Amino acid sequence: MERKLTCIICPLGCELTVKTEDKQILEITGHTCPRGKAYAESECTAPKRTITSTVKCADGGLVSVKTDKPIPKEKMSECMEIINSIKAKLPISIGDIIVENVFGSNIVATQNRR
Ligand code: SF4
């Protein structure tokens with residue numbers, strides 16, 4: 001089996017081809033650097049995504065957040081349910097942890113709110 005992927009690690013967006021047989025990776029081509037090969041391996045065995053979203057604040061406004069590490073792709077909806085259920089206390093600074101250890105990642109603020 002052959003799978004085509006676009007590497008999302010950097011803006012170059014290399015077109016990757018992964019050949020597999022019985023779920024085993026036989027060959028990866030098209031990557032320009034080792035990060036692309038690692039991305040293709042991860043995408044074909046245990047895909048992960050970084051989530052960016054917003055969290056409600058105590059004053060009724062919003063603060064932008066993201067996961068500080070990619071989480072398993074199949075946990076994205078559960079992660080969004082957690083993000084949507086939060087009401088964060090102010091003040092918030094960039095990098096503050098809003099929720100700890102959500103599927104191995106922290107939800108962190110990406111903006112300041114006073
Ligand atoms: S393979 Fe390397 S150079 Fe190509 S898009 Fe991925 S990270 Fe960028």
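This is a short presentation of one protein chain and the ligand it holds, based on a predicted model.

Good morning, colleagues. Let me begin with the chain as a whole. The model contains 2 helices and 10 strands. Read from the N terminus, these elements follow the order β-β-β-α-β-β-β-β-α-β-β-β. For 114 residues the globule rule gives 13 Å, whereas the radius of gyration of this chain is 18 Å, well over that value, so the chain is more spread out than a compact globule. The dimensions of the C-alpha trace along its principal axes are about 55 × 25 × 15 Å. As for burial, 18% of the 114 residues in the chain are buried.

How is the chain divided? There are two parts: domain 1 covers residues 2–45, and domain 2 covers residues 52–109. Between the C-alpha centres of domain 1 and domain 2 the distance is 29 Å.

I turn next to a sheet of 3 strands. This sheet is open, its order is β1-β2-β3, and its strands pair in the antiparallel sense. The edges are taken by β1, residues 2–6, and β3, residues 24–29; each has a single partner strand, so one side of each lacks a neighbour in the sheet. From one strand to the next, the twist averages 25°. Strand β2, residues 15–21, is joined to β1 by 5 bridges. Within this antiparallel pair, Leu-5 faces Leu-16 of β2. As general background, the strands of a sheet pair through backbone hydrogen bonds.

Now to the ligand. Which residues are found around the ligand? Four of the cysteines belong to this shell, namely Cys-7, Cys-10, Cys-14 and Cys-33. They are accompanied by Ile-9, Leu-12, Gly-13, His-31, Thr-32, Arg-35 and Gly-36. Sorted by class, the shell consists of 6 nonpolar, 4 polar and 1 charged residues.

Finally, I come to strands β9 and β10. Strand β9 spans residues 97–102, and strand β10 spans residues 105–109. The two strands run antiparallel and are paired over 3 bridges. One bridge sets Ile-97 against Val-108 in β10. The hairpin formed by β9 and β10 has 2 residues between the strands, and in this hairpin Phe-103 adopts a positive phi near 50°. Is β9 well covered or hardly covered? Strand β9 is hardly covered, as the count of buried residues among its 6 residues is 0.

Thank you for your attention.

Methods. Residues are numbered from 1 along each chain as its sequence is written. This is a predicted model: local features need pLDDT of at least 70, side-chain atom pairs count only at pLDDT 80 or more; totals for chains, interfaces and linings use all residues. A residue is near a molecule or strand if its C-beta atom, placed from the backbone, lies within 6 Å of it. Ala, Val, Leu, Ile, Met, Phe, Trp, Tyr, Cys and Pro count as nonpolar, Asp, Glu, Lys and Arg as charged, and the others, Gly among them, as polar. Domain bounds come from an automatic or database domain assignment. Two strands pair if DSSP finds at least two bridges between them. Helices (H or I, at least four residues) and strands (E, at least two) are DSSP runs, numbered from the N terminus. Axes are lines fitted to C-alpha atoms, for helices over the stretch in contact, and angles run from 0 to 180 degrees between N-to-C directions. A residue is buried if 20 or more other C-beta atoms lie within 10 Å of its own, exposed if 12 or fewer, and partly exposed in between; C-beta atoms are placed from the backbone. The radius of gyration is taken over C-alpha atoms; the globule rule is 2.2 Å times the number of residues to the power 0.38.
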